[in-house]
Amino acid sequence: MNLKNRIIGHFSKDEGQPLPKGTGGEGVSPKSPGEKAQPLMVRALSEPEREWLQKIHKKLMEMIDLSLIGRLEQKQARTQICELAERIMDELAVPLNVSTRQFLAKCIEDEILGLGPLEPLLSEPSIADILVNGYGKVYVERYGKLELTPLRFQSDAHLMNIIDRIVSSVGRRIDESSPMVDARLKDGSRVNAIVPPLAIDGPTLSIRRFTVDRLRMEDLIELGSCSRTMADMLIGIVKARLNVLISGGTGSGKTTLLNVLTGYISLDERIITIEDSAELQLQQPHVVRLETRPPNIEGKGEVRQRDLVRNSLRMRPDRIILGEVRGDEAFDMLQAMNTGHDGSLCTVHANTPRDALGRLENMVAMTGLDLPARMVRAQIASAINVVLQLSRMEDGKRKLISIQEIQGMEGDIITMSEIFKFQRRGVDEAGSVLGTFKATGIVPKFHEQLQKRGIDLPFELFDPDRDDL
Ligand SMILES: Nc1ncnc2c1ncn2[C@@H]1O[C@H](COP(=O)(O)OP(=O)(O)OP(=O)(O)O)[C@@H](O)[C@H]1O
Ligand SMILES: [Mg+2]
């Protein structure tokens, strides 16, 4: 799958050509993603079709032995179900034309072997997120924008059934006593489900699609998410083993950037990744992937990120990659960074670099250790070298809006200096954000560190008068 298929919203519909280099630079005014979007081609069932589907499905379930079907190859099972469904439709003399009958048979296959009404969405590459709010509302995010689809489940019970199928396949469960769960689809897509009584209006499912062909640094440049100069510096930062915190709001591309950066870790390093639900796709041969575990039905057996971070320190890691720091593991992660585990990377949910540091401070407070704020800040300041701030712009694009170096402490305050930023100039008539990536003129202290490692970034890169495309 090429970049065009992955992020269709960033390309012109007619030619399917990438936008000119320098997207995000002035003068480049891509149409709004919504305007370019091909309509989503999914067919929903009409009311009479839905009634037939239920009848056929019920009859079919009386006839087949699911355990036998489960033992067949997926393709064989689909053929068998399809044949049976056709036979039932003949018996019932279903008054529908051939193509509708085929469509119903496909829906039944999806129902029995797949994720029901979600199946057509899972095979559509332009969809980044699938969001189900109760049985009647299925939204998708495409081209950075949300849209309501005509698809629906038959009832909340039907939706619960599908959710149950997803979570049980990864050995988790969901019910009133454990109403929130993270899981993964077979293709690696991240899933969160939350059901009543916590979700008041019915079971709610959020799926972050796993891009089969992940984005690379070149793609980020082409998409206007960062400039080539910034990319060169980021690569240097990873190679020089600086500790990096990637900050950004929901869906701003944190995990994606983390993934891209991990691609520059050398092949002979032993990397340990820690995540709540594994999303990272490292290409190196020597990777140990760890994932947290929620408590079991008796409330026992929980393994949290903090436990995994501590355990990872005993596994002789060269690098520790923490998918998202969100709780008291922040304390152990900072300690690790301060005690020789450099080159660590993690993400945090925050809207500015300053907020990101503030959040870390609050997370350390969650450990219950009564540490003075100044001490915690000093720990943060000496542990983290660089903060990368991502933002999801209103046109749906993701941009690396700031690269900041942590300098140290001044009194009680952590000092940071911005090295690169996105200078916004407004919005064009199609709603696209205009602006340029700029150096601020500050040469980072880590320039020297990079140089020592043989990564020589020319001083011109930091010239604020360069239009950095
Ligand atoms: N630079 C980019 N340009 C375009 N799309 C991107 C970019 N980075 C990420 N995406 C897309 O945006 C979506 C969200 O990306 P990602 O999972 O990396 O975000 P996140 O910040 O980690 O989200 P969350 O807060 O939910 O963990 C994905 O569908 C991804 O393919
Ligand atoms: Mg993420």
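**View 1. Contacts of E361 in the predicted model.** E361 touches A373, V376, R377 and I380, leaving out residues up to four places away in sequence. The model shown here, as in every view below, is predicted. E361 sits in helix α14, which spans residues 353–365. Is E361 buried, exposed or partly exposed? E361 is partly exposed, because 17 other C-beta atoms lie within 10 Å, and a buried residue needs 20 or more while an exposed one has 12 or fewer. A wider frame takes in L121. E361 and L121 are 240 residues apart in sequence. In space, their C-alpha atoms are 40 Å apart.

**View 2. Helix α13 against helix α15.** Helix α13 covers residues 329–338, and helix α15 covers residues 373–383. Their axes come within 9 Å and cross at roughly 50°. That angle makes α13 oblique to α15, because oblique crossings are those that are not roughly parallel (under 35 degrees), roughly antiparallel (over 145) or roughly perpendicular (65 to 115). The crossing of α13 past α15 is left-handed. Which residues make the contact? From α13 come L334, M337 and N338. From α15 come Q379, I380, S382 and A383. Sorted by class, the contact has 4 nonpolar and 3 polar residues, with no charged ones. I380 of α15 appears here and also among the residues touched by E361.

**View 3. The largest nonpolar core.** This core holds 64 residues. Which members touch the most others? They are M333 and L388. Helix α13 supplies the largest share of the core, with 6 residues. Apart from this core lies another, of 23 residues. Its members include A128, L151, F153 and V191.

**View 4. The surroundings of L388.** L388 is in contact with V244, I246, S247, L257, L400 and I403, once its neighbours within four places in sequence are set aside. L257 is one of the buried residues of helix α11.

**View 5. Helix α11 and its packing partners.** Helix α11 runs over residues 254–262 and is mostly covered. How many of its 9 residues are buried? The count is 8. The buried residues are K254, T255, T256, L257, L258, N259, V260 and T262. They pack against one helix and several strands. The helix is α9 (217–222). The strands are β7 (244–248), β10 (319–322), β11 (345–349) and β12 (386–392).

Conventions: Residues numbered from 1 in each chain as written. Chains lettered and ligands numbered in written order. Predicted model: local features only at pLDDT ≥ 70, side-chain atom pairs only at ≥ 80, totals over all residues. Core = buried A, V, L, I, M, F, W, Y, C linked by C-beta atoms within 7 Å. Helix = DSSP H or I, 4+ residues; strand = E, 2+ residues; numbered from the N terminus. Contact = placed C-beta atoms within 7 Å. Axes fitted to C-alpha atoms, helices over the stretch in contact; angles between N-to-C directions. Left-handed = near helix turned anticlockwise from the far one by under 90°. Nonpolar A, V, L, I, M, F, W, Y, C, P; charged D, E, K, R; others polar.
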